Amino acid sequence: MHQPAEAVPHIHSATEQSEAYRDLDEECIDTALENWRETEFQTTQRLFQSENRQGVDAHDWESDKCVFSHCALLDSDFSKVTFSEVEFLDCDFSNTDFSGGFFKSCRFTRCKGVGANFLQAVFKQTIFEDCLLMNAYFDESNMVEVRFLRSDCTEASFSQMDVDRLVLDESKFIHNDLFKTPLKDIDFSKCAFSDPIVSMPPIELEGVHVDAFQAAGLARLMGVIVEA
């Protein structure tokens with residue numbers, strides 16, 4: 001559905017980020033997870049910085065107002081996490097499992113999530129900015145007031161999703177699985193958008209906003225041949 005301008009999630013300036021980090025206590029991920037499991041209190045206002053880890057077990061983790069900066073968290077289990085106002089900056093979470101996670105007012109900036117699994121995740125007021133999300137899985141997820149800005153989602157899967165006020169700017173959506181995801185009022189005209197995987201007939205594309213060049217390519221899905 002079409003996103004009103006006032007609902008676009010705010011993108012913090014570098015100054016705002018620097019001021020916010022002054023209130024954060026730096027901690028290692030293992031210590032934070034141990035404390036969370038022992039106390040059952042959510043992890044709050046922590047800075048996780050320059051950690052290079054593989055196979056981290058963080059399922060069900062509850063975290064609020066934390067920052068992950070320059071971390072590599074590969075092939076890890078972040079399934080069913082609850083993250084509120086959490087930022088990932090210059091992180092690599094390729095092939096990590098975020099399935100069933102809940103993300104509210106979160107931000108992913110200059111992150112790499114190739115093959116990351118966001119199956120059945122919930123995103124509210126969340127931003128993906130300058131991210132590499134090729135072959136990521138967002139199937140059966142729910143997105144409300146989410147923005148993709150200058151991100152590469154080539155061959156990522158977005159099937160059977162519920163979306164509301166989704167904003168797409170200067171991003172790549174090439175050969176995506178969009179099966180059974182209604183795209184009415186979603187605007188792809190500022191993005192690279194081609195070769196989606198959809199139903200036949202392509203009911204997912206009803207009411208989608210595209211430019212003339214994109215429309216010519218999508219017409220082939222309906223058997224229409226556009227002559228030059």
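1. The second largest pocket has a volume of about 220 Å³. Bear in mind from the start that this is a predicted model. Eleven names are worth finding on screen for this pocket: Phe193, Ser194, Asp195, Pro196, Phe213, Gln214, Ala216, Gly217, Leu218, Arg220 and Leu221 line the space.

2. Which elements supply the lining of this second largest pocket? β19 (192–194) and α3 (212–219) each supply at least two of its residues. The most comes from α3, which gives five residues. By class, the lining of the second largest pocket divides into six nonpolar, three polar and two charged residues.

3. Next, the enclosed space. Rolling a probe the size of a water molecule over the atoms shows where empty space is left. A search of the whole structure turns up one cavity of 30 Å³ or more. The volume of the largest cavity is about 100 Å³.

4. Which residues line the largest cavity? Met143, Phe148, Phe158, Met161, Val163, Leu166, Leu168, Phe173, Leu178, Thr181, Leu183 and Phe188 do so. This lining has 11 nonpolar residues, one polar and no charged ones. Keep Phe148 in mind, as this residue of the lining is also part of an aromatic pair.

5. Now the rings. A pair of aromatic rings is described by the distance of the centres and the angle of the planes. The count for this structure comes to 38 aromatic pairs. One of them joins Phe128 and Phe148, and this pair is stacked. The two ring centres are 4.9 Å apart, with 10 degrees between the planes.

6. What does the pair of Phe128 and Phe148 tie together? Phe128 lies in strand β13 (residues 127–129), and Phe148 lies in strand β15 (residues 147–149), so the pair links parts that are 20 residues apart in sequence. Buried or exposed? Phe128 is buried, and Phe148 is buried too.

7. The strands deserve a careful look. Eight of them form an open sheet in the order β1-β3-β6-β9-β11-β13-β15-β17, with parallel pairing. β1 (25–26) and β17 (167–169) stand at the edges; each has a single partner strand, so one side of each is left without a neighbour in the sheet. Both β13 and β15 appear in this order, and these are the strands that hold Phe128 and Phe148.

8. Follow this sheet from its β1 edge. β1 and strand β3 (residues 46–49) run parallel and are joined by two bridges. Asp25 stands opposite Arg46 in β3. Glu26 stands opposite Leu47, also in β3. On to the next strand: β3 pairs with strand β6 (residues 67–69) in the parallel sense over three bridges. Gln49 has Ser69 in β6 as its bridge partner.

9. There is another open sheet, of seven strands. Its order is β2-β5-β8-β10-β12-β14-β16, and the pairing is parallel. β2 (43–44) and β16 (162–164) stand at the edges of this sheet, each with a single partner strand, so one side of each lacks a neighbour there. Inside the order, strand β8 (residues 82–84) and strand β10 (residues 102–104) run parallel, joined by three bridges. Ser84 stands opposite Lys104 in β10.

10. Now the cysteines. A disulfide is a covalent bond between the sulfur atoms of two cysteines. How many disulfides does the structure hold? The structure holds zero. Why is Cys131 not bonded to Cys111? The sulfur of Cys131 has its closest cysteine sulfur in Cys111, but the distance is 4.8 Å, too far for a bond. Cys153 is in no disulfide either; the nearest cysteine sulfur, that of Cys131, is 8.4 Å away.

11. Check the accessibility of these residues as well. Cys131 has 1% relative accessibility, so it counts as buried. Cys153, at 0% relative accessibility, also counts as buried.

12. One last cysteine. Cys28 is found in the loop between β1 and α2 (29–39). With a relative accessible area of 34%, Cys28 is partly exposed. Where is Gln49 relative to Cys28? The two are 21 residues apart in sequence and 7.7 Å apart in space, C-alpha to C-alpha. Gln49 is the residue whose bridge partner in β6 is Ser69.

Definitions and conventions
Residues numbered from 1 in each chain as written. Predicted model: local features only at pLDDT ≥ 70, side-chain atom pairs only at ≥ 80, totals over all residues. Heavy atoms only, no water. Pairing = 2+ DSSP bridges. Helix = DSSP H or I, 4+ residues; strand = E, 2+ residues; numbered from the N terminus. Phe/Tyr/Trp six-rings, centres within 6.5 Å; stacked < 30°, edge-to-face > 60°. Buried < 20%, exposed > 50% of the residue type's maximum accessible area, 1.4 Å probe, protein only. 1 Å grid on protein atoms, 1.4 Å probe; cavity = no way out; pocket = protein on both sides within 12 Å on 5 of 7 lines; lining within 4 Å. Points joined across faces, edges and corners; volume = space filled by probe spheres on them. Nonpolar A, V, L, I, M, F, W, Y, C, P; charged D, E, K, R; others polar. Disulfide = S-S within 2.5 Å.
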